[in-house]
Amino acid sequence: SSGINAEYGQRCGSGGCLTCRTRILEKHPQIREVKLNLDYSLNCKSANCIYIAVCKYCVPCEFYVGQTINPLHIRLNNHRACFKLGSFKYEQSALSVHVFEKHVDTFPDKLENFNFGILTSSSPKDLDRREDFYIYTCKADSISLNRIKVIS
């Protein structure tokens, strides 16, 4: 991970990075009734992290908590690749399922439908536990996008 960079705020600063083109959440986002803290020492090149994706259009907000052992930009590229109509590839990501079901007119915008943030990093062996903590704290599995069952 890189140090805190107020200019980029969880962005790597690389001109061609698709992840950096998405909007990053503010440092202390309010997700429904829960106030979270993003770790601004991390950026889209950070691995072993827990991230949150918040739909730009849903009120109250719909959100997804995820984890990746890979750098975040690689994980988001995998989500981005699921935004394909005409196949059932979109059923492999809770993010693309949500956009297809709720905002199909913005489906071509792919991940631009979401604001992202990195909540924390962890050792690989603790990722499941840390992700479960945020899913439980935010109730993401009962009231938001973590309740969506995807085809793997």
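Of the 22 residues in the largest nonpolar core, which touch the most other members? The close-ups below come from a predicted model, and the first one takes up that question.

**View 1. The largest nonpolar core and its best-connected members.** Here's the answer: Y64, L95, L111, F114 and F116 touch the most other members of this 22-residue core. Strands and helices both chip in, with β4 (49-55), α2, α3 (94-102) and β6 (114-121) each giving two or more residues. In general, nonpolar side chains in soluble globular proteins tend to be buried together.

**View 2. L111 and the residues it touches.** Leaving aside residues up to four places away in sequence, L111 touches T22, L76, H79, R80, F83, L95 and F116. Two of these names, L95 and F116, also turn up among the residues that touch the most other core members.

**View 3. A second core.** This one is separate and has 19 residues, including L25, I31, L127 and A140.

**View 4. H73 in helix α2.** Helix α2 runs over residues 72-81, and H73 sits in it. With a relative accessible area of 18%, H73 counts as buried because the cut-off is under 20%. Not counting residues up to four places away in sequence, H73 touches T19, C44 and K45.

**View 5. Cysteines without a disulfide.** One of the residues touching H73 is C44, which is buried, with a relative accessible area of 2%. The structure holds zero disulfides. Take C138: the nearest cysteine sulfur belongs to C61 and is 8.8 Å away, while a disulfide needs the two sulfur atoms within 2.5 Å. C138 is buried too, with a relative accessible area of 2%.

Notes: Residues are numbered from 1 along each chain as its sequence is written. This is a predicted model: local features need pLDDT of at least 70, side-chain atom pairs count only at pLDDT 80 or more; totals for chains, interfaces and linings use all residues. Side-chain values use heavy atoms; hydrogens and water are left out. Helices (H or I, at least four residues) and strands (E, at least two) are DSSP runs, numbered from the N terminus. Buried means under 20% relative accessible area, exposed over 50%, partly exposed in between (1.4 Å probe, protein chains only). Contact means heavy atoms within 4.5 Å. A nonpolar core is a set of buried Ala, Val, Leu, Ile, Met, Phe, Trp, Tyr and Cys residues joined through side-chain atoms within 4.5 Å.
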